[in-house]
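Reader: Could you walk me through this structure and show me how each label is earned? I am in my first year, so please go step by step.

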Amino acid sequence: MKRIAVFTSGGDSPGMNACIRAVTRSGLAMGLEVFGIRSGYEGMIEGDIYPLEKNAVSNIIQLGGTILQTARSKEFHTVEGRKKAYQNLRKHQIEGVVAIGGDGTFRGAHVFMQEYPDIAFVGTPGTIDNDLFGTDFTIGFDTAINTAMNAIDNIKDTANAHNRLFFVEVMGRDAGFIALNTAIATGAEAVLLPETTTDLGKLIEQLENNYRNKKRASIVVVSEGDEAGGAFKIADHVKEKCPQFDIKVAILGHIQRGGRPSCSERVLASRLGLEAVRALVAGKKSVMVGEVNKEIVFTPFDHAAKKHQEINPVLIEMVDLLA
Ligand code: F6P
């Protein structure tokens, strides 16, 4: 293998830049030529592909976002789109590609590799959601939960000052890892997750009980993917049933996606970037490189994207127990 490329795709996550840097620097150190593809699959389709030298990735390890930019490409879902992408990769004589992204990225790479097996794709898990199978942690998760935790800590100050009940919505379209971890870390009264059936009656009972016991400031962390609806809808329902509560809603939104990556994020992203290049050189393809129990693990793209680790029920129980 002489020439490889790297791209980021789907929602950006803190640590993606550290991973781009590791892919570039380790590729160059192994004697490969390294190219960057801008804006994910969109750039592949448009041929937005350029050489990355050592200095191109200087001073980016500490930055959130992605210097390669990212996109959710609709055209890559089409046969024609993937054909254009293939032709552009061939034109640049790219033999191996590192895809940094989440489930959508790997589903796309899986389809592409079935059609064009002569270009090897290897992935690293880049998403704040932690919703991929084959890695204990995805690149971006640690930073995102710390960002959300700090935000909820601030909300707690004002909730206590006013005796208010806050519904705080955190990201996680299909998975509640961010919600569960931040709920435990902030001592929230309750957490609503997509993985469990939300019983609003039971939640109201618990909140009313707290109210009677003079505990009037409460935090309920709502995962955006919870089936009972978003934080506003749930808050409206509770307000209707419990007019005595002073209720506020905070949607943390995209602040969770940005910011400087934490130390462990940078280490994970660097290690996975290096191992992805090693995997390409060793002839591996169509796999995501993850870290499980500190060991490097390769998981086929379709498995990594289809499933994710189970939410630990002990942690869910802990939220109730410690509230
Ligand atoms: O996939 C990561 C994620 O941050 C989800 O938690 C969230 O639902 C989604 O991306 C938001 O994506 P966008 O920024 O494209 O609206």
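Author: Gladly! Let us begin with a term: a salt bridge is a side-chain nitrogen of Lys or Arg within 4 Å of a carboxyl oxygen of Asp or Glu. This is a predicted model, so local features need pLDDT of at least 70 and side-chain atom pairs count only at pLDDT 80 or more, while totals for chains, interfaces and linings use all residues. Residues are numbered from 1 along each chain as its sequence is written, and side-chain values use heavy atoms, leaving out hydrogens and water.

Reader: What makes Lys-84 and Glu-75 a salt bridge?

Author: Their side chains meet at 2.8 Å, N to O. The limit is 4 Å, so the pair qualifies. The structure holds 11 salt bridges.

Reader: Why is Lys-84 called partly exposed?

Author: Buried means under 20% relative accessible area, exposed means over 50%, and partly exposed is in between (1.4 Å probe, protein chains only). Lys-84 has a relative accessible area of 38%, so it is partly exposed. Glu-75, at 30%, is therefore partly exposed as well.

Reader: How do you know that Arg-107 and Asp-103 form a salt bridge?

Author: The N to O distance between their side chains is 3.6 Å, and the cut-off of 4 Å therefore admits them. Both lie in helix H4 (residues 103-115), 4 residues apart, about one turn of the helix. Helices (H or I, at least four residues) and strands (E, at least two) are DSSP runs, numbered from the N terminus.

Reader: Which accessibility labels do Arg-107 and Asp-103 get?

Author: Arg-107 counts as partly exposed at 45% relative accessibility, whereas Asp-103 counts as buried because its value is 17%.

Reader: What makes Arg-257 and Asp-12 a salt bridge?

Author: Their closest N and O atoms are 3.0 Å apart, so they pass the 4 Å test. This pair links distant parts of the chain, 245 residues apart: Arg-257 is in the loop between E9 and helix H9 (263-281), and Asp-12 is in the loop between strand E1 (3-8) and helix H1 (16-29). Both Arg-257 and Asp-12 are buried.

Reader: Why is Glu-169 said to have no salt bridge?

Author: The nearest side chain of opposite charge, Lys-233, is 11 Å away, so the 4 Å limit is not met. For charges, Lys and Arg count as positive and Asp and Glu as negative; His and the chain ends are not counted. Glu-169 is buried and lies in strand E6 (residues 165-170). Its side chain does reach the backbone nitrogen of Ala-231 at 2.8 Å.

Reader: How do you know that the buried residues of H8 line one face of the helix?

Author: In helix H8 (residues 231-241), the buried residues are Ala-231, Ile-234, Ala-235 and Val-238. Seen down the axis of H8, they fall within an arc of 100°, so they line one face. The arc is that of the directions from the helix axis to the C-beta atoms. On the other side, Phe-232, Lys-233 and Glu-240 are exposed.

Reader: Why is Cys-263 in no disulfide?

Author: The whole structure has 0 disulfides. A disulfide is a pair of cysteine sulfur atoms within 2.5 Å. The nearest cysteine sulfur to that of Cys-263 belongs to Cys-19, 16 Å away, so the test fails. Cys-263 is exposed because its relative accessible area is 61%, while Cys-242 is buried at 0%.

Conventions: Polar contact = N/O pair within 3.5 Å; in protein donor to acceptor, adjacent residues only side chain to side chain.
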